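Please open the model in your viewer and keep the sequence panel visible beside it. The tour below proceeds by selections, each followed by a description of what is found there.

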Amino acid sequence: MSPRRKRIFWIAGALITLALVTFFVVNAFRQNLVFFYSPTQIINGEAPHGRAFRLGGMVVDKSLIRAGDGVSIRFTVTDTDKNIPVQFRGLLPDLFKEGKGVVAEGSWENGIFTATEVLAKHDENYMPPEAQDAVNKAHQKAADKKT
């Protein structure tokens, strides 16, 4: 085999290897990608079925119910337009409070969002851009309904 032919085989092998590695990395990234949805988007059917995603909004005041076992919790998340009931089994973050922002990761089934993880907003002034946009749209929609 000539040196030129060996070089072509090495380059072809390297390109195939690079393509396979890229495919596996992109595939793993896609499978672990979790999108954010507001309660209005979930109720409108924009959220995926049978896949995990994130729900974001504000915890409704006086909606927190703790079960007798100490680890099962139910609460409601709102974007000021629609409300979503959430159930969670585990420990809530220290910053979790009613009337404050929350992001819950889980799935939507039978009208209830079952959370596997609950994240509390870390700063009073911060809200993810998607959540802020959803809240602004909900406020605008509510204002339009009043007029």
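Begin by selecting Thr 78, which counts as buried because its relative accessibility is 12%, under the 20% limit for that class. Please bear in mind throughout that this is a predicted model. Thr 78 belongs to strand S4, which spans residues 72-78.

Display the polar contacts of the Thr 78 side chain next. One leads to the backbone nitrogen of Thr 80, at 2.9 Å. Another leads to the backbone oxygen of Lys 82, at 3.1 Å. Which residues does Thr 78 contact when its neighbours within four places in sequence are left aside? They are Pro 39, Gly 57, Met 58, Val 60 and Asn 83.

**The whole chain**

Now clear the selection and colour by secondary structure. The protein contains 3 helices and 7 strands, and from the N terminus the order of elements is α-β-α-β-β-β-β-β-β-α. Of the 147 residues, 28% are buried. Among contacts between residues at least 6 apart in sequence, 49% connect residues at least 24 apart. With the surface shown, the accessible area comes to about 10,100 Å², and carbon and sulfur atoms account for 57% of that area.

**Strand S6 and its partners**

Select residues 101-109, which form strand S6. This strand is mostly covered, with 7 of its 9 residues buried. Add residues 53-59, strand S2: S2 and S6 run antiparallel and are joined by 6 bridges. Then add residues 112-120, strand S7, which also runs antiparallel to S6 and is joined to it by 8 bridges.

Follow S6 to Glu 109, which stands opposite Ile 112 in S7. The hairpin of S6 and S7 has 2 residues between the strands. Within this hairpin, select Asn 110, whose phi is positive, near 55°.

**The salt bridges**

How many salt bridges does the structure hold? There are 2. For one of them, return to S6 and select Glu 105, the bridge partner of Arg 54. The side chains of Glu 105 and Arg 54 also meet in a salt bridge, at 3.1 Å from N to O. Glu 105 lies in strand S6 and Arg 54 in strand S2, so this pair ties together parts that are 51 residues apart in sequence. Are the two residues buried or exposed? Glu 105 is buried, with a relative accessible area of 15%, whereas Arg 54 is partly exposed, at 29%.

Move next to Asp 69 and Arg 89, whose side chains meet in a salt bridge at 2.7 Å, N to O. Asp 69 sits in the loop between strands S3 (65-66) and S4, and Arg 89 in strand S5 (residues 83-89); the pair is 20 residues apart and links distant parts of the chain. Asp 69 counts as partly exposed because its relative accessibility is 44%, which lies between the 20% and 50% limits. Arg 89, at 58% relative accessibility, counts as exposed.

**A nonpolar patch**

For the last stop, show the surface again and select Ile 16, Leu 20, Phe 23 and Phe 24. Together these residues make a nonpolar surface patch of about 450 Å². To place the patch on the fold, select residues 3-32, helix H1, in which Phe 23 is found.

Key. Residues are numbered from 1 along each chain as its sequence is written. This is a predicted model: local features need pLDDT of at least 70, side-chain atom pairs count only at pLDDT 80 or more; totals for chains, interfaces and linings use all residues. Side-chain values use heavy atoms; hydrogens and water are left out. Helices (H or I, at least four residues) and strands (E, at least two) are DSSP runs, numbered from the N terminus. Buried means under 20% relative accessible area, exposed over 50%, partly exposed in between (1.4 Å probe, protein chains only). A polar contact is a pair of N or O atoms within 3.5 Å; within protein, one must be able to donate a hydrogen and the other to accept it, and residues adjacent in sequence count only if both atoms are side-chain atoms. Contact means heavy atoms within 4.5 Å. Two strands pair if DSSP finds at least two bridges between them. Patches are made of residues with over 30% relative accessible area and no salt bridge: like charges are joined within 9 Å, nonpolar side chains (Val, Leu, Ile, Met, Phe, Trp, Tyr) within 5 Å. Accessible areas come from the Shrake-Rupley method with a 1.4 Å probe; for residues, only the protein chains shown count as cover. A salt bridge is a side-chain nitrogen of Lys or Arg within 4 Å of a carboxyl oxygen of Asp or Glu.
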